[in-house]
Amino acid sequence: MAFLKPTWVVTGVLTIDLDAVQADGVKGFIFDLDNTIMAPNSALLENDIDAWLKKIHALGFKTIVVSNNPLSFYTKKAEEILKIPVIGNAGKPRRRMLRKALELLGLQADQVAVVGDRPLTDIWGGQRLGCKTILVDPLTKTQENRVVQVLRKIERQFIASSHRQVQHPHPHHSQKRDP
Ligand SMILES: [Mg+2]
């Protein structure tokens, strides 16, 4: 897949370097929907992503969503929740709906970053159109990772505290052991 060259690769929309994209002339984003800004078919917008979208709007970035999801009731619902126009059933990597999104944003291709989790649809489509592209990890994978991280933290705390009870009955001995 050497023909695919995302301009940026990040763990998720929250870690997009807004200064860097702005410095590169990006004035707007075309977002993929499922697994990029929402868990697939969930119609649930996480608080941190909601806050991030508000932040980028306040910074003056224009936004639109272009999704391959064919379920119009769902993309309509997503549009209501996101308060961003959503073009569904887009057929990425075909360029037609991405071009329409550029028109709606009122921006040139090189002023827009296409953001998505799928190299062969989001990144390829954006790249063919001459947009900048940002590949993100699938959102549900990141969420799973977060759950695993939390579980590991809890597990580690549990081991440390039981260890402390056995070997370090005095609180001042145990302080260093806290993660
Ligand atoms: Mg996706």
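Which residue in β3 is the bridge partner of isoleucine 30? In this predicted model, that partner is isoleucine 64. The pair belongs to a parallel match between β2 and strand β3 (residues 62–66), which holds over 4 bridges. To get from β2 to β3 the chain passes through α2, and this β-α-β crossover is right-handed.

That pairing is one piece of a wider fold. The chain's secondary structure comes to 7 helices and 6 strands, and along the sequence these follow the pattern β-α-β-α-β-α-β-α-β-α-β-α-α. The 6 strands build an open sheet with parallel pairing, in the order β1-β6-β5-β2-β3-β4. β1 (8–10) and β4 sit at the edges with a single partner strand each, so one side of each has no neighbour in the sheet. For β1, the partner is strand β6 (residues 132–136), joined to β1 in parallel by 3 bridges. Valine 10 faces valine 136 of β6 there.

Back at β2, the strand also runs parallel to β5, again with 4 bridges between them. Glycine 28 stands opposite valine 112 of β5. As for side chains, it helps to recall that they alternate between the two faces of the sheet in a regular strand. In β2, Gly28 and Ile30 point one way while Phe29 and Phe31 point the other, and all of them are buried.

What does the nonpolar interior look like? The largest nonpolar core has 34 residues, and the members that touch the most others are Ile30, Val65, Val66, Val112, Ala113 and Val115. Two or more residues each come from β2, β3, α3 (72–82), β4, α4, β5, α5 and β6. The largest share is that of β5, with 4 residues. Such grouping fits a broad trend, since nonpolar side chains in soluble globular proteins tend to be buried together. Valine 112 gives a sense of the surroundings: setting aside neighbours within four places in sequence, valine 112 is in contact with Val26, Gly28, Phe29, Ile30, Leu102, Leu105, Leu107, Cys131 and Lys132. Over the whole chain, buried residues make up 32% of the 179 residues. Of the contacts between residues at least 6 apart in sequence, 62% join residues at least 24 apart.

Helix α5 (residues 119–129) is worth a look of its own. α5 lies across β5 (112–116) and β6, and runs at about 175° to β5. Its buried residues are Thr121, Asp122, Ile123, Trp124, Gly125, Gly126 and Leu129, and they pack against α4, β5 and β6. Just after the helix, glycine 130 takes a positive phi of about 90°.

A few backbone oddities turn up in the loops. As background, most residues other than glycine have a negative phi, and most peptide bonds are trans. Asparagine 35 has a positive phi, near 70°, and lies in the loop between β2 (28–31) and α2 (47–58). Asparagine 35 counts as buried because 22 C-beta neighbours fall inside 10 Å, and the cut-off for that label is 20 or more. Asparagine 89 also has a positive phi, near 50°, and is found in the loop between β4 and α4. With 13 C-beta neighbours inside 10 Å, asparagine 89 counts as partly exposed.

The loop between β4 (86–87) and α4 (96–105) also holds proline 93. A cis peptide bond joins lysine 92 to proline 93, with omega about 15°. Alanine 90 lies in the loop between β4 and α4 too. Is alanine 90 buried or exposed? Alanine 90 is buried, because 26 other C-beta atoms lie within 10 Å. Apart from neighbours within four places in sequence, alanine 90 is in contact with Val66, Ser67, Asn68 and Met97. The C-alpha atoms of alanine 90 and proline 70 are separated by 7.9 Å, with the two residues 20 apart along the chain.

How values were computed
Residues numbered from 1 in each chain as written. Predicted model: local features only at pLDDT ≥ 70, side-chain atom pairs only at ≥ 80, totals over all residues. Buried ≥ 20, exposed ≤ 12 C-beta atoms within 10 Å, placed from the backbone. Pairing = 2+ DSSP bridges. Contact = placed C-beta atoms within 7 Å. Axes fitted to C-alpha atoms, helices over the stretch in contact; angles between N-to-C directions. Right-handed = clockwise from strand over helix to strand, strands pointing away. Core = buried A, V, L, I, M, F, W, Y, C linked by C-beta atoms within 7 Å.
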